[in-house]
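Let's read a ligand site and a few unusual backbone spots together. Have the viewer open as we go.

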Amino acid sequence: MALPRYAAVTGWGHYAPEKVLTNKDLEGMVDTSDEWIRTRTGICERRVAAAHETTASMCSIAARCALESANLASLDLDLVICASTTPDTLMPATGSLIQDAIGAANAGAFDVNAACTGFVAALVMGSQFIQSGAYDRVLVVGGETLSRFVNWKDRNTCILFGDGAGAVVLEAADEECGLLSFVLGSQGSGGPLLDIKAGGAAKPASPETIAANEHYITMRGNEIFKFAVRSMVHASGEALAKANLHAEDIRMVIPHQANVRILRATQQALGIPWERVFVNVDRYGNTSAASVGIALSECAEMGTMQPGDNVLFVAFGGGLTWASAVLRWADISSIIARRGEGPYAI
Ligand code: ACO
(Lines give C-alpha, C1' and ligand atoms only; values in the text may rest on other atoms or scores of the structure.)
Protein backbone atom coordinates (compact mmCIF):
# COMPACT_ATOMS: atom_id res chain seq x y z
CA MET A 1 0.00 0.00 0.00
CA ALA A 2 1.33 3.47 -0.90
CA LEU A 3 2.36 5.56 2.11
CA PRO A 4 0.40 8.79 2.66
CA ARG A 5 2.08 11.90 1.26
CA TYR A 6 1.80 15.38 2.69
CA ALA A 7 2.46 18.80 1.16
CA ALA A 8 4.72 20.81 3.47
CA VAL A 9 5.40 24.52 3.10
CA THR A 10 9.22 24.59 3.11
CA GLY A 11 9.95 28.07 1.72
CA TRP A 12 8.38 31.49 1.35
CA GLY A 13 9.12 34.90 -0.09
CA HIS A 14 7.43 38.12 -1.04
CA TYR A 15 8.07 41.31 -2.92
CA ALA A 16 6.48 44.74 -2.69
CA PRO A 17 7.44 47.58 -5.03
CA GLU A 18 9.52 50.37 -3.58
CA LYS A 19 7.07 53.19 -4.26
CA VAL A 20 4.82 53.88 -1.26
CA LEU A 21 1.52 55.68 -1.84
CA THR A 22 0.21 57.09 1.43
CA ASN A 23 -3.31 58.18 2.31
CA LYS A 24 -1.95 61.74 2.36
CA ASP A 25 -0.80 61.29 -1.26
CA LEU A 26 -4.34 60.16 -2.16
CA GLU A 27 -5.81 63.29 -0.56
CA GLY A 28 -4.17 65.18 -3.42
CA MET A 29 -5.67 62.87 -6.05
CA VAL A 30 -9.33 62.33 -5.05
CA ASP A 31 -11.84 63.78 -2.59
CA THR A 32 -10.86 61.69 0.45
CA SER A 33 -8.98 61.97 3.73
CA ASP A 34 -6.40 60.00 5.64
CA GLU A 35 -8.89 59.83 8.52
CA TRP A 36 -11.70 58.38 6.31
CA ILE A 37 -9.44 55.73 4.80
CA ARG A 38 -7.94 54.68 8.14
CA THR A 39 -11.23 54.42 9.99
CA ARG A 40 -13.18 52.72 7.16
CA THR A 41 -10.44 50.33 5.98
CA GLY A 42 -7.43 50.30 8.33
CA ILE A 43 -5.17 51.05 5.35
CA CYS A 44 -2.37 53.61 5.86
CA GLU A 45 -0.34 53.05 2.72
CA ARG A 46 0.03 50.74 -0.27
CA ARG A 47 2.75 49.96 -2.81
CA VAL A 48 2.63 50.86 -6.49
CA ALA A 49 4.66 49.10 -9.19
CA ALA A 50 7.26 51.12 -11.09
CA ALA A 51 6.81 51.44 -14.87
CA HIS A 52 9.21 48.56 -15.57
CA GLU A 53 7.53 46.21 -13.07
CA THR A 54 4.78 43.72 -13.89
CA THR A 55 2.94 40.89 -12.17
CA ALA A 56 5.43 38.38 -13.63
CA SER A 57 8.50 40.39 -12.62
CA MET A 58 7.27 40.84 -9.04
CA CYS A 59 6.22 37.17 -8.79
CA SER A 60 9.64 36.09 -10.07
CA ILE A 61 11.38 37.99 -7.27
CA ALA A 62 9.04 36.47 -4.65
CA ALA A 63 9.59 33.03 -6.23
CA ARG A 64 13.38 33.32 -6.06
CA CYS A 65 13.15 34.33 -2.38
CA ALA A 66 10.89 31.32 -1.69
CA LEU A 67 13.33 28.96 -3.43
CA GLU A 68 16.24 30.43 -1.50
CA SER A 69 14.47 30.05 1.83
CA ALA A 70 13.61 26.41 0.94
CA ASN A 71 17.24 25.90 -0.07
CA LEU A 72 16.14 24.66 -3.50
CA ALA A 73 17.16 25.47 -7.07
CA SER A 74 14.63 26.44 -9.72
CA LEU A 75 15.43 23.23 -11.61
CA ASP A 76 14.06 21.25 -8.64
CA LEU A 77 10.53 22.53 -9.30
CA ASP A 78 7.94 20.30 -10.98
CA LEU A 79 5.22 22.94 -11.32
CA VAL A 80 4.58 26.69 -11.13
CA ILE A 81 1.04 27.82 -10.28
CA CYS A 82 0.43 31.56 -10.48
CA ALA A 83 -2.69 33.15 -8.98
CA SER A 84 -3.49 36.56 -10.43
CA THR A 85 -6.34 38.75 -11.60
CA THR A 86 -3.94 41.12 -13.34
CA PRO A 87 -1.79 38.87 -15.53
CA ASP A 88 0.87 40.46 -17.73
CA THR A 89 -1.06 39.31 -20.81
CA LEU A 90 -4.14 37.19 -21.51
CA MET A 91 -1.74 34.85 -23.29
CA PRO A 92 0.81 33.56 -22.46
CA ALA A 93 -0.07 32.77 -18.87
CA THR A 94 1.93 34.66 -16.25
CA GLY A 95 2.92 31.29 -14.74
CA SER A 96 4.89 30.54 -17.91
CA LEU A 97 6.59 33.94 -17.78
CA ILE A 98 7.65 33.25 -14.19
CA GLN A 99 8.78 29.71 -15.04
CA ASP A 100 11.03 31.15 -17.72
CA ALA A 101 12.31 34.09 -15.66
CA ILE A 102 13.40 31.90 -12.74
CA GLY A 103 14.78 29.14 -14.99
CA ALA A 104 12.42 26.39 -13.84
CA ALA A 105 13.10 24.35 -16.97
CA ASN A 106 11.66 21.12 -15.53
CA ALA A 107 8.36 22.64 -14.43
CA GLY A 108 4.91 22.91 -15.96
CA ALA A 109 3.11 26.21 -15.45
CA PHE A 110 -0.36 27.73 -15.50
CA ASP A 111 -2.49 30.50 -13.98
CA VAL A 112 -5.41 30.43 -11.58
CA ASN A 113 -7.93 33.27 -11.51
CA ALA A 114 -10.27 33.42 -8.55
CA ALA A 115 -9.60 37.11 -7.78
CA CYS A 116 -8.56 37.59 -4.13
CA THR A 117 -9.39 33.95 -3.41
CA GLY A 118 -6.76 32.86 -5.95
CA PHE A 119 -3.82 32.27 -3.63
CA VAL A 120 -5.74 29.95 -1.30
CA ALA A 121 -7.22 28.12 -4.32
CA ALA A 122 -3.71 27.69 -5.77
CA LEU A 123 -2.35 26.51 -2.41
CA VAL A 124 -5.07 23.85 -2.28
CA MET A 125 -4.41 22.87 -5.89
CA GLY A 126 -0.63 22.67 -5.46
CA SER A 127 -1.05 20.56 -2.32
CA GLN A 128 -3.22 18.10 -4.24
CA PHE A 129 -0.57 17.63 -6.96
CA ILE A 130 1.80 16.58 -4.18
CA GLN A 131 -0.64 14.50 -2.14
CA SER A 132 -1.65 12.57 -5.27
CA GLY A 133 1.97 11.58 -5.87
CA ALA A 134 2.13 13.41 -9.21
CA TYR A 135 4.76 15.97 -8.15
CA ASP A 136 7.28 16.53 -5.36
CA ARG A 137 7.94 20.29 -5.47
CA VAL A 138 5.43 22.95 -6.48
CA LEU A 139 5.82 26.73 -6.45
CA VAL A 140 2.62 28.62 -5.62
CA VAL A 141 2.85 32.33 -6.28
CA GLY A 142 0.25 35.10 -6.18
CA GLY A 143 0.88 38.51 -7.69
CA GLU A 144 -1.01 41.60 -8.76
CA THR A 145 -0.40 44.89 -10.53
CA LEU A 146 -3.78 46.32 -9.57
CA SER A 147 -2.51 49.88 -9.96
CA ARG A 148 -2.85 49.41 -13.75
CA PHE A 149 -6.54 48.46 -13.42
CA VAL A 150 -7.60 51.02 -10.86
CA ASN A 151 -9.35 54.21 -11.87
CA TRP A 152 -7.27 56.77 -10.00
CA LYS A 153 -10.22 59.19 -10.18
CA ASP A 154 -12.63 56.80 -8.41
CA ARG A 155 -12.36 57.28 -4.64
CA ASN A 156 -14.53 54.21 -4.03
CA THR A 157 -11.81 51.88 -5.28
CA CYS A 158 -8.45 53.63 -5.70
CA ILE A 159 -7.82 53.93 -1.97
CA LEU A 160 -8.12 50.18 -1.45
CA PHE A 161 -5.72 48.40 -3.74
CA GLY A 162 -1.97 47.80 -3.89
CA ASP A 163 0.65 45.86 -5.89
CA GLY A 164 2.96 43.02 -4.84
CA ALA A 165 3.63 39.29 -4.87
CA GLY A 166 3.96 36.40 -2.42
CA ALA A 167 5.19 32.83 -2.99
CA VAL A 168 5.61 29.51 -1.23
CA VAL A 169 7.33 26.24 -2.06
CA LEU A 170 5.26 23.13 -1.35
CA GLU A 171 7.20 19.94 -0.95
CA ALA A 172 6.38 16.25 -0.47
CA ALA A 173 6.81 14.95 3.07
CA ASP A 174 6.03 11.67 4.81
CA GLU A 175 5.23 13.06 8.27
CA GLU A 176 1.73 14.44 8.83
CA CYS A 177 1.67 18.14 7.90
CA GLY A 178 0.34 20.45 5.20
CA LEU A 179 -3.24 20.64 4.00
CA LEU A 180 -5.71 19.13 6.49
CA SER A 181 -8.94 20.47 4.98
CA PHE A 182 -10.28 23.05 2.56
CA VAL A 183 -13.41 24.73 1.27
CA LEU A 184 -13.80 26.39 -2.13
CA GLY A 185 -16.96 28.33 -2.96
CA SER A 186 -18.42 30.47 -5.70
CA GLN A 187 -21.56 32.50 -6.21
CA GLY A 188 -21.24 33.63 -9.81
CA SER A 189 -24.51 35.58 -9.70
CA GLY A 190 -22.64 38.17 -7.61
CA GLY A 191 -20.02 38.76 -10.31
CA PRO A 192 -21.24 42.26 -11.25
CA LEU A 193 -20.60 43.47 -7.68
CA LEU A 194 -16.86 43.51 -8.39
CA ASP A 195 -15.62 43.37 -11.96
CA ILE A 196 -13.69 44.75 -14.91
CA LYS A 197 -16.33 45.01 -17.57
CA ALA A 198 -14.29 45.25 -20.78
CA GLY A 199 -11.15 43.77 -22.27
CA GLY A 200 -12.36 40.15 -22.31
CA ALA A 201 -14.13 38.10 -24.96
CA ALA A 202 -17.58 39.35 -23.93
CA LYS A 203 -16.62 42.99 -24.48
CA PRO A 204 -13.28 43.39 -26.27
CA ALA A 205 -11.39 46.63 -25.65
CA SER A 206 -12.43 49.40 -28.03
CA PRO A 207 -12.26 53.22 -28.07
CA GLU A 208 -15.82 53.19 -26.64
CA THR A 209 -14.99 50.87 -23.72
CA ILE A 210 -11.93 52.95 -22.91
CA ALA A 211 -13.94 56.20 -23.05
CA ALA A 212 -16.46 54.63 -20.65
CA ASN A 213 -13.65 53.55 -18.23
CA GLU A 214 -14.80 49.95 -18.56
CA HIS A 215 -11.23 48.59 -18.36
CA TYR A 216 -11.06 49.65 -14.70
CA ILE A 217 -12.24 47.87 -11.55
CA THR A 218 -15.77 48.74 -10.44
CA MET A 219 -17.15 47.66 -7.10
CA ARG A 220 -20.21 47.88 -4.88
CA GLY A 221 -18.20 48.10 -1.67
CA ASN A 222 -21.02 47.92 0.81
CA GLU A 223 -22.44 44.69 -0.57
CA ILE A 224 -18.98 43.14 -0.91
CA PHE A 225 -18.36 44.01 2.75
CA LYS A 226 -21.37 42.03 3.95
CA PHE A 227 -20.59 39.13 1.63
CA ALA A 228 -16.96 39.14 2.83
CA VAL A 229 -17.78 38.75 6.51
CA ARG A 230 -20.47 36.12 5.83
CA SER A 231 -18.29 34.01 3.56
CA MET A 232 -15.09 34.28 5.65
CA VAL A 233 -16.90 33.20 8.83
CA HIS A 234 -18.80 30.40 7.13
CA ALA A 235 -15.82 29.04 5.16
CA SER A 236 -13.54 29.14 8.22
CA GLY A 237 -16.07 27.25 10.33
CA GLU A 238 -16.48 24.63 7.60
CA ALA A 239 -12.74 24.10 7.12
CA LEU A 240 -12.23 23.80 10.89
CA ALA A 241 -15.04 21.24 11.16
CA LYS A 242 -13.63 19.22 8.23
CA ALA A 243 -10.22 19.16 9.96
CA ASN A 244 -11.93 18.17 13.23
CA LEU A 245 -10.48 21.26 14.92
CA HIS A 246 -11.83 24.16 16.97
CA ALA A 247 -10.93 27.84 16.96
CA GLU A 248 -8.65 27.35 19.98
CA ASP A 249 -6.58 24.80 18.03
CA ILE A 250 -5.50 27.47 15.53
CA ARG A 251 -2.09 29.09 16.08
CA MET A 252 -2.52 31.75 13.37
CA VAL A 253 -5.20 32.91 10.98
CA ILE A 254 -3.74 34.23 7.74
CA PRO A 255 -6.66 35.94 6.02
CA HIS A 256 -7.05 37.88 2.80
CA GLN A 257 -6.19 41.47 3.65
CA ALA A 258 -9.02 43.66 2.33
CA ASN A 259 -10.22 45.76 5.23
CA VAL A 260 -9.38 45.64 8.93
CA ARG A 261 -13.09 45.93 9.81
CA ILE A 262 -13.80 42.76 7.81
CA LEU A 263 -10.96 41.03 9.67
CA ARG A 264 -12.26 42.23 13.07
CA ALA A 265 -15.82 41.11 12.35
CA THR A 266 -14.59 37.69 11.17
CA GLN A 267 -12.27 37.27 14.16
CA GLN A 268 -15.04 38.13 16.61
CA ALA A 269 -17.51 35.75 14.99
CA LEU A 270 -14.96 32.92 15.05
CA GLY A 271 -13.90 33.64 18.64
CA ILE A 272 -10.18 33.64 17.81
CA PRO A 273 -8.01 36.15 19.75
CA TRP A 274 -7.04 39.19 17.65
CA GLU A 275 -3.33 38.51 18.35
CA ARG A 276 -3.70 35.30 16.35
CA VAL A 277 -4.90 37.09 13.22
CA PHE A 278 -2.09 38.21 10.94
CA VAL A 279 -2.69 41.77 9.69
CA ASN A 280 -0.63 43.79 7.22
CA VAL A 281 -3.44 45.53 5.33
CA ASP A 282 -2.29 48.81 6.94
CA ARG A 283 0.98 48.63 4.95
CA TYR A 284 -0.08 47.06 1.65
CA GLY A 285 -3.81 47.65 1.19
CA ASN A 286 -5.69 44.95 -0.72
CA THR A 287 -3.26 43.13 -3.02
CA SER A 288 -5.91 40.60 -4.14
CA ALA A 289 -4.32 37.25 -5.10
CA ALA A 290 -0.98 38.36 -3.64
CA SER A 291 -2.35 39.21 -0.21
CA VAL A 292 -2.41 35.79 1.50
CA GLY A 293 0.99 34.94 -0.04
CA ILE A 294 2.60 38.14 1.26
CA ALA A 295 0.96 37.67 4.67
CA LEU A 296 2.09 34.03 4.89
CA SER A 297 5.63 34.99 3.94
CA GLU A 298 5.84 37.82 6.50
CA CYS A 299 4.27 35.67 9.23
CA ALA A 300 6.63 32.75 8.54
CA GLU A 301 9.63 35.09 8.39
CA MET A 302 8.82 36.22 11.94
CA GLY A 303 9.08 32.60 13.08
CA THR A 304 5.51 32.63 14.37
CA MET A 305 4.67 29.07 13.34
CA GLN A 306 6.30 26.04 14.96
CA PRO A 307 6.16 22.42 13.72
CA GLY A 308 2.71 21.00 14.44
CA ASP A 309 0.95 24.39 14.58
CA ASN A 310 -2.36 24.64 12.74
CA VAL A 311 -2.78 27.63 10.41
CA LEU A 312 -6.12 28.77 9.01
CA PHE A 313 -6.21 30.53 5.63
CA VAL A 314 -9.36 32.29 4.51
CA ALA A 315 -10.17 34.56 1.59
CA PHE A 316 -13.01 36.04 -0.44
CA GLY A 317 -13.10 37.96 -3.67
CA GLY A 318 -14.48 38.72 -7.08
CA GLY A 319 -16.45 35.99 -8.77
CA LEU A 320 -17.83 36.06 -6.19
CA THR A 321 -15.59 33.44 -4.63
CA TRP A 322 -14.36 32.28 -1.24
CA ALA A 323 -11.92 29.71 0.11
CA SER A 324 -10.48 28.49 3.36
CA ALA A 325 -7.86 25.91 4.23
CA VAL A 326 -6.29 24.49 7.37
CA LEU A 327 -2.60 23.61 7.13
CA ARG A 328 -0.37 21.98 9.69
CA TRP A 329 3.06 23.60 9.85
CA ALA A 330 5.82 21.13 9.01
CA ASP A 331 9.13 20.36 10.68
CA ILE A 332 10.90 22.16 7.86
CA SER A 333 14.48 21.65 9.02
CA SER A 334 13.92 17.91 9.25
CA ILE A 335 12.49 17.82 5.70
CA ILE A 336 15.44 19.85 4.39
CA ALA A 337 17.96 17.71 6.30
CA ARG A 338 16.48 14.51 4.86
CA ARG A 339 16.34 15.72 1.29
CA GLY A 340 19.25 13.56 0.18
CA GLU A 341 17.49 10.37 1.29
CA GLY A 342 14.28 8.47 0.72
CA PRO A 343 11.64 8.65 -2.00
CA TYR A 344 11.78 12.43 -2.53
CA ALA A 345 15.57 12.68 -2.96
CA ILE A 346 16.67 15.37 -5.37
N1 ACO B 1 -13.17 58.94 0.82
C2 ACO B 1 -14.22 59.63 1.38
N3 ACO B 1 -15.50 59.23 1.24
C4 ACO B 1 -15.73 58.10 0.53
C5 ACO B 1 -14.69 57.36 -0.07
C6 ACO B 1 -13.37 57.83 0.11
N7 ACO B 1 -12.31 57.19 -0.42
N8 ACO B 1 -15.22 56.29 -0.69
C9 ACO B 1 -16.54 56.35 -0.51
N10 ACO B 1 -16.86 57.44 0.22
C11 ACO B 1 -18.19 57.89 0.67
C12 ACO B 1 -19.29 57.27 -0.14
O13 ACO B 1 -19.47 57.99 -1.34
C14 ACO B 1 -20.45 57.39 0.82
O15 ACO B 1 -20.94 58.71 0.75
P16 ACO B 1 -22.52 59.00 0.75
O17 ACO B 1 -23.02 58.42 2.05
O18 ACO B 1 -22.57 60.47 0.68
O19 ACO B 1 -23.03 58.28 -0.45
C20 ACO B 1 -19.82 57.21 2.20
O21 ACO B 1 -18.41 57.43 2.00
C22 ACO B 1 -20.03 55.85 2.82
O23 ACO B 1 -19.83 54.88 1.84
P24 ACO B 1 -20.01 53.36 2.17
O25 ACO B 1 -19.81 52.57 0.91
O26 ACO B 1 -21.23 53.11 2.95
O27 ACO B 1 -18.77 53.11 3.16
P28 ACO B 1 -18.36 51.79 3.86
O29 ACO B 1 -18.32 52.00 5.32
O30 ACO B 1 -19.09 50.57 3.34
O31 ACO B 1 -16.84 51.64 3.40
C32 ACO B 1 -15.56 50.39 1.79
C33 ACO B 1 -16.54 51.51 2.02
C34 ACO B 1 -14.28 50.73 2.53
C35 ACO B 1 -15.29 50.25 0.31
C36 ACO B 1 -16.13 49.08 2.39
O37 ACO B 1 -17.45 48.91 1.95
C38 ACO B 1 -15.33 47.87 2.01
O39 ACO B 1 -14.19 47.70 2.42
N40 ACO B 1 -15.93 46.94 1.24
C41 ACO B 1 -15.25 45.74 0.81
C42 ACO B 1 -14.44 46.04 -0.39
C43 ACO B 1 -13.50 44.94 -0.76
O44 ACO B 1 -12.96 44.28 0.10
N45 ACO B 1 -13.28 44.79 -2.04
C46 ACO B 1 -12.31 43.89 -2.56
C47 ACO B 1 -12.84 42.53 -2.70
S48 ACO B 1 -11.60 41.40 -2.99
C49 ACO B 1 -11.22 41.24 -4.67
O50 ACO B 1 -11.54 40.25 -5.27
C51 ACO B 1 -10.47 42.31 -5.37
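What follows is a short dialogue on the ligand shell, its contacts and the backbone.

Q: Before we start, what kind of model is this, and what gets counted?
A: It's a predicted model, where local features need pLDDT of at least 70, side-chain atom pairs count only at pLDDT 80 or more, and totals for chains, interfaces and linings use all residues. Residues are numbered from 1 along each chain as its sequence is written, and side-chain values use heavy atoms, with hydrogens and water left out.

Q: How many residues surround the ligand?
A: A residue counts as near if one of its heavy atoms lies within 4 Å of the molecule. Here 25 residues surround the ligand, and the closest are T32, R40, C116, N259 and G318.

Q: What classes make up that shell?
A: Eleven residues are nonpolar, ten polar and four charged; Gly goes with the polar ones, while Cys and Pro count as nonpolar.

Q: Which helices and strands supply at least two shell residues each?
A: Helices (H or I, at least four residues) and strands (E, at least two) are DSSP runs numbered from the N terminus. α2 (34-41), α7 (221-242) and β12 (310-317) each give at least two, and α7 has the largest share, with four residues.

Q: Which polar atoms face the ligand?
A: A polar contact is a pair of N or O atoms within 3.5 Å. The side chain of N222 puts an N or O atom 2.9 Å from a ligand oxygen. A backbone N or O atom of R155 is 3.0 Å from a ligand nitrogen, and a polar backbone atom of C116 is 3.5 Å from a ligand oxygen.

Q: Where are the peptide bonds cis?
A: Most peptide bonds are trans, and most residues other than glycine have a negative phi. M91 and P92 are joined by a cis bond, with omega about 0 degrees; P92 lies in the loop between β4 (79-83) and α4 (94-102). The bond from G319 to L320 is also cis, with omega near -10 degrees, and L320 sits in the loop between β12 and β13 (321-328).

Q: What is the phi of A115?
A: About 50 degrees, so positive, although A115 is not a glycine. A115 is in the loop between β5 (108-112) and α5 (118-131).

Definitions and conventions:
Polar contact = N/O pair within 3.5 Å; in protein donor to acceptor, adjacent residues only side chain to side chain.
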